[in-house]
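Here are my notes for someone opening this one for the first time. Have the structure up while you read, and take the points in order.

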Amino acid sequence: MTKFSDLNLNPKVLKAINEAGYETPTPIQAGAIPSALEGKDVLGIAQTGTGKTASFTLPMITLLARGRARARMPRSLVLCPTRELAAQVAENFDTYTKHLKLTKALLIGGVSFKEQEALIDKGVDVLIATPGRLLDHFERGKLLLTGVQIMVVDEADRMLDMGFIPDIERIFSLTPFTRQTLFFSATMAPEIERITNTFLSAPARVEVARQATASETIEQAAVVFKASRKDREGTEKRRVLRALIDKEGDSCTNAIIFCNRKVDVDIVAKSLKKYGYDAAPIHGDLDQKQRMATLDGFREGKIRLLIASDVAARGLDVPSVSHVFNFDVPGHAEDYVHRIGRTGRAGREGKAFTIVVPRDEKNFDDVEALIQKQIPRLENPVKVAKPAPRAKPAEKVADAGAADKAPVEKKPARNARGANSDRPRQDDRRDDRRRKGGGRDNNVVGMGDHMPEFIALSFAERRAS
């Protein structure tokens, strides 16, 4: 069995790895690290939770151990789709460079430009960034990418989903042609394959699992139900979610609950708090400091339930998540794999539950087609009360003595104007009153039958009079 000591890594890096408690590399690490150390381009394809981050951080640190950074010219560049993933990569560098004098800078949104510029001006060995913030610094003239020796694109398929591919192509064009490129993705969409063919040179392809497969250590299940009424669907889904959490009991030490929309993240979090659950939301609209504080609280066990949008579905390394609940079926089947990949990491066991309503059935069929297995169905833990049937009108029962009773006089039918047809119309009554001389005087003063003489005069005649 391969060990990290067999991979020709820097001795100081190996020391940091041992102190972190790791001895044996994962398959993606064992396949990618030797090729990266030889200076080859690498195309790594592996499902989430397989250790892709260390697959590029460890060889990068070893290659960068010799050399010195120059102001505004980073020696290496790591591109990540989200702030959280970029922050996690930065933490990995801190862990593995503790015995080396390498500098890094983290360029993400929600942080002051001045603080980031101060780090860049000093010169950094490793620049970790999201594409948008990186280009912002470049367009301000604060950053040069002509000194990049190693470039990493992490979670490339997520970059595609978030619309970053044009930015990635532009960033590639700003770096030297001689750079080494390490490209990692969980799936290989046609657009991503086109980029790899364009910007990678004879890459070593490392694929350790069938594309978009769920870990075998994750127990999956689904609850399919139909709400009693359409306007109660959200309320009843939240009731089902609470029942699933309660049913798992103490085995659910912590969990991530995924929603498709940010507004639903807030609603579900607020609802769980209302019913006494320890829950907190995280999504892209929250302040960066609040997001990081929430994640830290979840990692440290201070928060039991993390309600998240797909911003948290990729690359967030929380090793001991016991459960994942899909409050909504994701619109893209690949996102299901990444969501449930938050549990069952590093060989641990985990559970993933999905709530399916009628409108989600097509998307759920796509999920099962992608993972090539049927997800077991569970009985709804909540018996949703069906609406009581509407009472039928009492049937008229024939009265044996009806013939002896006096006939009921029928009410006169009403005409289209709402008046009884047997009664004279209001206009007719008014006309009768006028004909009899009652009511108002029949002589109308104004523009009716009589016109005052002065109106017939010309303007000049009226002025003279």
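1. Let's start with strand 9 (residues 255-258) and strand 12 (residues 323-326): 4 bridges link them, and the pairing is parallel. If you want one pair to click on, I257 has F325 in strand 12 as its bridge partner. Bear in mind that this is a predicted model.

2. Now zoom out to the sheet. It is an open one with 7 strands, ordered 10-11-9-12-13-8-14, and the pairing is parallel. Which strands stand at the edges? They are strand 10 (279-282) and strand 14 (377-378); each has a single partner strand, so one side of each has no neighbour in the sheet.

3. Next, what packs on that sheet. Helix 12 (residues 288-299) does, touching strand 9, strand 10 and strand 11 (305-308). The direction of helix 12 makes about 140° with that of strand 10. Helix 13 (residues 333-340) packs on the sheet as well, with contacts to strand 8 (218-224), strand 9, strand 12 and strand 13 (350-356). Here the angle is about 150°, taken between the directions of helix 13 and strand 12.

4. Over to another part of the chain: strand 1 and strand 7 run parallel and are joined by 4 bridges. V42 has A204 in strand 7 as its bridge partner. In a regular strand, side chains alternate between the two faces of the sheet. Look at strand 7 with that in mind: A204 and V206 are on its covered face, while R205 and E207 are on the uncovered one.

5. Helix 2 (residues 27-37) is worth a look too. Its buried residues are I28, Q29, A32, I33, S35, A36 and L37. What do they pack against? The answer is strand 1 (42-45), helix 3 (52-64), strand 6 (180-185) and strand 7 (204-207). After helix 2 comes G39, with a positive phi near 85°.

6. Last, a helix pair. The axes of helix 3 and helix 4 (residues 83-96) come within 10 Å and cross at roughly 45°, so the two helices are oblique to each other. The crossing of helix 3 past helix 4 is right-handed. On the helix 3 side, the residues that meet helix 4 are T53, A54, F56, T57, L58, M60 and I61; helix 4 brings Q88, V89, N92, F93 and Y96. By class, that contact has 8 nonpolar and 4 polar residues, and no charged ones.

Definitions and conventions
Residues numbered from 1 in each chain as written. Predicted model: local features only at pLDDT ≥ 70, side-chain atom pairs only at ≥ 80, totals over all residues. Heavy atoms only, no water. Buried < 20%, exposed > 50% of the residue type's maximum accessible area, 1.4 Å probe, protein only. Contact = heavy atoms within 4.5 Å. Pairing = 2+ DSSP bridges. Axes fitted to C-alpha atoms, helices over the stretch in contact; angles between N-to-C directions. Parallel < 35°, antiparallel > 145°, perpendicular 65-115°, else oblique. Left-handed = near helix turned anticlockwise from the far one by under 90°. Nonpolar A, V, L, I, M, F, W, Y, C, P; charged D, E, K, R; others polar.
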